[in-house]
Amino acid sequence: MKNLWSDADSTLFDGDLALRVYTSRLLGKDPTLVLHGGGNTSVKITESNIVGNQEEILYVKGSGWDLEFIEKAGFSPVRMNHMLSLAKLDTLSDPQMVNELKTQLTNATSPTPSVETILHAILPFKYVDHTHSDAVVTVTNTLEGEDRIREIYGERVVIIPYVMPGFDLAKDVARIFSEQSTDKTEGMVLMNHGIFSFGDSAKESYDRMISLVNEAENYLINKNAWDIEKPEANFEQKNISNQVAELRQKISLTIGKPVLMHLTNSLLGFNFCNKADVKRIASKGPLTPDHVIRTKRIPMIGRDINKYNEEYASYFNKNEINSKARKTMLDPAPRVILDKEFGLCAVGKNMSEIGIISDIYEHTMESILRAEKLGGFEALPAKDIFDLEYWDLEQAKLLKNKSSLAFARYRNRRFRISLFKIIKSMAKPAILTKIILIEIAREPSPVRLVRITRARTAVIS
Ligand code: ZN
């Protein structure tokens, strides 16, 4: 992994917060560190408030921001003193925590601070960086993951067993960090979750992140677990358009609204789907629990949608019974499909969601294959994944994007009938479906969509 720090570029960022922006973007640029809004960073700055008192403020990534494109406005300023007092409480419910984070902002227009804010506050360093590095998570997600992490880093990292993000994790970190940290501590590994680095300057914290992750990558290389089989380039293309359309329709019916199904045509995906042990290695669980809100706990292997739905319902019933509050089951349909002929497919309400799901699963396949070469991939028990999938704070992230439902404006019955008639009358429905999907991603009005579709039909039939 390359260290992207540039002295020349860094001079364009003046001040502690500006440098926080700079190195956060460097982290965000590398998809093997963070993907689509994952990870978070912070800096502690002492400032004068409106009545002239000095206050220590924690600038922490706000929710809804992507590290790659973050600006100063993407960091939420919260009062450090109050965060440290909160960390001393025995319990704090999620709604209470969110309320405290929001009411301790010094700028009312800032985004909601990350759910990991209290954790950032208690780490006694000016700059704190947190990523979900593929290499680190690959090592933690193996049978003897914790021993391997210790073997790589020795006493230079504090190791935190898996706990769901939020107040409980902050409490565990406060306790374990004070027991394990020494003056040699450069970072902290959260089992099945990711890695933290810290430092007195933006550069020090960033440099440490890159070198810690490089050590994990080198470990995988030395254990012969880095190179995975080269995907075969020529998978036979069969005429599968009708089968794809049929499966997409079944999934839409299960979800209760129209969705897109995208064949990624990933070579790694074809290779993975055609492995003899695909069911065993792909059915253990996600790489990190937060992926569950995008990918569901496990992919559908093959096309038996009824069986997948039944298994999802049974996973829900088994785990819901033990949760503190009653939950309503989400739709039981898969978001990732691994099929010998279709390859890796992603299911989503629009192309942006499909892009996120495909990216996450590309990284997941690589990590699983590497972890398999390192003694075997292991994921967290279904119970932990369920807790995150049905955690109100995670669900809130999805609801934020509600307005971007690709088909929301195409619900009109008459419109659907006319589109259906056009597709039915076509000689080449697969080509037309592709055209419609591309057009829908551009979100034209239903009337315009039918007009475009009719025009294209005339050209290609
Ligand atoms: Zn995290």
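Start by selecting threonine 106, in the loop between helix 4 (94-103) and helix 5 (117-122). The model on screen is a predicted one.

**Stop 1: threonine 106**

Is this residue buried, exposed or partly exposed? Threonine 106 has 15 other C-beta atoms within 10 Å, so it counts as partly exposed; a buried residue would need 20 or more. Next, add Asn49, Ile57, Pro77 and Arg79 to the selection. Threonine 106 is in contact with these four, once its neighbours within four places in sequence are left aside. Then pick valine 78 and draw a C-alpha to C-alpha distance to threonine 106. The two residues are 28 apart in sequence, and the distance in space is 6.1 Å.

**Stop 2: strand 4**

Move to strand 4 and select residues 127-131. How many of the 5 residues are buried? The count is 5 of the 5, so the strand is largely enclosed by the rest of the structure. Show the side chains. Tyr127, Asp129 and Thr131 point one way from strand 4, while Val128 and His130 point the other way.

Now bring in the strands that pair with strand 4. Select strand 1, residues 40-48, which runs antiparallel to strand 4 and is joined to it by 4 bridges. To find one of the bridge pairs, pick aspartate 129 in strand 4 and its partner, threonine 41. Then select strand 7, residues 194-199. Its pairing with strand 4 is also antiparallel, and this one extends over 5 bridges. Here, pick histidine 130 together with phenylalanine 196 of strand 7, its bridge partner.

**Stop 3: the 8-11-10-9 sheet**

Leave strand 4 and display strands 8, 11, 10 and 9, given here in their order across an open sheet of 4 strands with mixed pairing. Which are the edge strands? They are strand 8 (260-263) and strand 9 (300-301), each of which pairs on one side only. At the strand 9 end, select strand 10, residues 336-339; the two strands run parallel and are joined by 2 bridges. Methionine 300 has isoleucine 337 of strand 10 as its bridge partner.

Add helix 10, residues 241-255, which packs on the sheet and touches strand 8 and strand 11 (343-348). The direction of helix 10 makes about 140 degrees with that of strand 8.

Finish with helix 15, residues 351-373. This helix lies across strand 8, strand 10 and strand 11, and runs at about 140 degrees to strand 11.

Note on methods:
Residues are numbered from 1 along each chain as its sequence is written. This is a predicted model: local features need pLDDT of at least 70, side-chain atom pairs count only at pLDDT 80 or more; totals for chains, interfaces and linings use all residues. A residue is buried if 20 or more other C-beta atoms lie within 10 Å of its own, exposed if 12 or fewer, and partly exposed in between; C-beta atoms are placed from the backbone. Two residues are in contact if their C-beta atoms, placed from the backbone, lie within 7 Å. Two strands pair if DSSP finds at least two bridges between them. Axes are lines fitted to C-alpha atoms, for helices over the stretch in contact, and angles run from 0 to 180 degrees between N-to-C directions.
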